[in-house]
Each structure stands twice: as C-alpha cells, then as structure tokens.
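Visitor: I would like a close look at a single part of this model. Please take one residue and its surroundings, then the enclosed space in the structure.

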Amino acid sequence: LPNWNTNTTARVVRSFKAYVVAGDITVSTTRYGNRFMWSGVASPGGLPATYDPTLITDDAGYFDLADTDGTIIDMKPLNDYLIVYNVIVFFAIHLIQ
C-alpha cells in the first residue's frame with residue numbers, strides 16, 4: 001500500500017467504507033495481536049493518503065482491544081458495522097462521523 005509505514009505489518013487488512021483497516025499489527029519486531037488500525041479517508045475508488053496515527057491533519061489512528069488477550073483473526077463488514085473477530089471474542093465497530 002502506498003504510504004504504509006515500512007516498519008509496520010498487519011496479518012489482516014480489509015476495506016471498510018472509505019477506510020483501510022488492519023489488525024494484528026507488528027511494529028518493527030513487536031507484535032500487537034489485539035491492535036486495530038485505520039487509515040485516513042480515501043476518495044471513492046482510491047487509496048488513503050496516510051496511515052499515520054500521529055498526524056493531526058488526518059483521522060488515521062489505532063487502538064488496542066485491551067479487554068482480551070487474544071489476537072485479531074479477521075474483520076468483516078455487516079451493514080454499518082465492522083465485526084472484528086478475535087480468537088476469544090468479537091467486537092462490533094461503528095463509524096461515527
């Protein structure tokens with residue numbers, strides 16, 4: 001993906017609405033199995049300009065699903081929600097604009 005940080009990898013990458021979302025993230029050599037990331041907004045049919053959560057000019061970001069020790073194994077859209085599947089539980093994520 002263009003503009004993706006070369007020190008970061010993801011085991012799960014999906015599109016959801018105008019975003020690219022990723023789960024089970026490795027930064028350098030540290031694995032964050034319960035980390036969920038999202039890109040900045042993409043134009044219809046395009047790719048996001050950034051995935052950098054430190055930029056205040058875009059809405060890219062991440063959070064750790066800290067309520068569980070399991071890793072993210074998949075993500076699927078369901079109507080207005082993104083269902084994030086963990087080896088132990090699942091989460092329903094809703095986009096608020």
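Guide: Arg14 is partly exposed, because its relative accessible area is 32%, and the range for that class runs between 20% and 50%. The model is a predicted one. Arg14 sits in strand S1, which spans residues 8-16.

Now its partners. Setting aside neighbours within four places in sequence, Arg14 is in contact with Tyr19, Val20, Val21, Asp74 and Met75. With one of these, Asp74, there is also a polar contact: the side chains of Arg14 and Asp74 are joined at 2.7 Å. Tyr51 is another reference point. Its C-alpha atom is separated from that of Arg14 by 13 Å, and the two residues are 37 apart along the chain.

Next, the enclosed space. A search of the whole structure finds 1 cavity of 30 Å³ or more. The largest cavity holds about 30 Å³ of space. Its lining is made by Trp4, Val20, Val21, Ala22, Met37, Trp38, Ser39 and Tyr51. Two or more lining residues come from each of strand S2 (19-27) and strand S3 (30-38). S2 gives the most, with 3 residues. By residue class, the lining has 7 nonpolar residues, 1 polar and no charged.

The two views share some names. Val20 and Val21 are among the contacts of Arg14, and Val20 and Val21 also help to line the largest cavity. Tyr51, with its C-alpha atom 13 Å from that of Arg14, is one of the lining residues too.

Notes:
Residues numbered from 1 in each chain as written. Predicted model: local features only at pLDDT ≥ 70, side-chain atom pairs only at ≥ 80, totals over all residues. Heavy atoms only, no water. Helix = DSSP H or I, 4+ residues; strand = E, 2+ residues; numbered from the N terminus. Buried < 20%, exposed > 50% of the residue type's maximum accessible area, 1.4 Å probe, protein only. Contact = heavy atoms within 4.5 Å. Polar contact = N/O pair within 3.5 Å; in protein donor to acceptor, adjacent residues only side chain to side chain. 1 Å grid on protein atoms, 1.4 Å probe; cavity = no way out; pocket = protein on both sides within 12 Å on 5 of 7 lines; lining within 4 Å. Points joined across faces, edges and corners; volume = space filled by probe spheres on them. Nonpolar A, V, L, I, M, F, W, Y, C, P; charged D, E, K, R; others polar.
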